[in-house]
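Keep the sequence and the model side by side. The walk below starts inside the fold and works outward.

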Amino acid sequence: MRKIFWQIFVSILGFFLIKELVPGVFIHVIPGQSNYLGINFNQDWQILIFIGIVFGLISFFLMPFLELVTLPLKIFGRTISSIILNMFLLWGLAQNFPEIKFEGRFSIFWSAIILFLVNTILKTK
């Protein structure tokens, strides 16, 4: 149980760092549309925490399966495959939440690297 809460915390921290450090990444409330699970979000920090929770849960439950499926990529190294998986998950998150937007060529790439570094430093993967 502690591992899932730790993964959620790390994801929230990662998204905070992404929002502050990566140009072209915008996480903001869309007035009248930012309503999930019956919760109306009014502040940017609220949607940032919610997206961090969703990404943490997706990472916790889906990442072991995705790592198994991408086992051939492990030949090229753990770092590259983890970054590619994070990019895929970030893209999927952006497709489902209009509050997060990646602009430019490298914004999703740098976001995936930040999530990888935060996870590696805090050893959640």
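Leu93 touches Phe15, Ile51, Val54, Phe55, Ile58 and Ile100, leaving aside residues up to four places away in sequence. The model is a predicted one. Leu93 is found in helix α3. Its relative accessibility is 2%, so Leu93 counts as buried, the cut-off being under 20%. One of its partners, Ile51, is 42 residues away along the chain. The C-alpha atoms of Leu93 and Ile51 are separated by 8.1 Å.

Now take the helix that carries Leu93. The end C-alpha atoms of α3 are 27 Å apart. That agrees with expectation, because the 19 residues of α3 should span 27 Å at 1.5 Å a residue. Which residues of α3 are buried? They are Ser81, Ser82, Ile83, Leu85, Asn86, Leu89, Leu90, Leu93 and Ala94. This set packs against α1, α2, β4 and α4.

Ser82 also gives a distance to helix α2. Glu67 has its place in α2. Glu67 and Ser82 are 15 residues apart along the chain, and their C-alpha atoms are separated by 8.1 Å. Is Glu67 buried, partly exposed or exposed? Its relative accessible area is 24%, so Glu67 is partly exposed. Ser82, in contrast, is among the buried residues of α3.

Next comes helix α1. It covers residues 2-21, which makes 20 residues. From first C-alpha to last, α1 reaches 28 Å, close to the 28 Å expected at 1.5 Å a residue. Its buried residues are Ile4, Gln7, Ile8, Val10, Ser11, Ile12, Gly14, Phe15 and Ile18. What do they pack against? The list holds β1 (25-27), α2 (44-69), α3 (78-96), β4 (100-102) and α4 (107-121).

Ser11 is a good residue to inspect in α1. Its relative accessible area is 1%, so Ser11 is buried. Which residues does Ser11 touch, not counting those up to four places away in sequence? The answer is Gly52, Phe55, Gly56 and Leu115. Phe55 is also on the contact list of Leu93.

Phe15, another buried residue of α1, leads to strand β1. Ile27 has its place in β1. Not counting residues up to four places away in sequence, Ile27 touches Phe15, Lys19, Asp44, Ile47, Leu48, Ile51, Glu99 and Ile100. Phe15, Ile51 and Ile100 also touch Leu93. Ile27 has a relative accessible area of 3%, so it is buried. Ile27 and Leu48 are 21 residues apart in sequence. In space they are 6.6 Å apart, C-alpha to C-alpha.

Now turn to a loop. Leu37 has its place between β2 (35-36) and β3 (39-40). Is Leu37 buried or exposed? Leu37 has a relative accessible area of 78%, so it is exposed. Its backbone deserves a look too. Phi of Leu37 is near 55 degrees, a positive value in a residue other than glycine. Most residues other than glycine have a negative phi.

Step back to the whole chain. How many helices and strands does the protein chain have? The secondary structure comes to four helices and four strands. Read from the N terminus on, the order is α-β-β-β-α-α-β-α. Residues 24 or more positions apart account for 72% of the contacts with a separation of 6 or more. The pairing of Leu93 with Ile51, 42 residues apart along the chain, spans such a separation.

The overall dimensions come next. Along the principal axes, the C-alpha atoms fill a box of roughly 45 × 35 × 25 Å. The radius of gyration is 14 Å. That value agrees with a compact globule, because 125 residues would then give a radius near 14 Å.

The surface and the charges remain. Of the 125 residues, 43% count as buried. The accessible surface comes to about 7,500 Å². Carbon and sulfur atoms account for 71% of that surface. The chain has 9 positive and 5 negative side chains. How far apart are the centres of the two sets? They lie 13 Å apart.

Key. Residues numbered from 1 in each chain as written. Predicted model: local features only at pLDDT ≥ 70, side-chain atom pairs only at ≥ 80, totals over all residues. Heavy atoms only, no water. Helix = DSSP H or I, 4+ residues; strand = E, 2+ residues; numbered from the N terminus. Expected span 1.5 Å × (residues − 1). Buried < 20%, exposed > 50% of the residue type's maximum accessible area, 1.4 Å probe, protein only. Contact = heavy atoms within 4.5 Å. Rg over C-alpha atoms; globule rule 2.2 N^0.38 Å. Areas by Shrake-Rupley, 256 points an atom, 1.4 Å probe, with all protein chains shown as cover. Lys, Arg positive; Asp, Glu negative; His and termini not counted. Charge placed at Lys NZ, Arg CZ, Asp CG, Glu CD.
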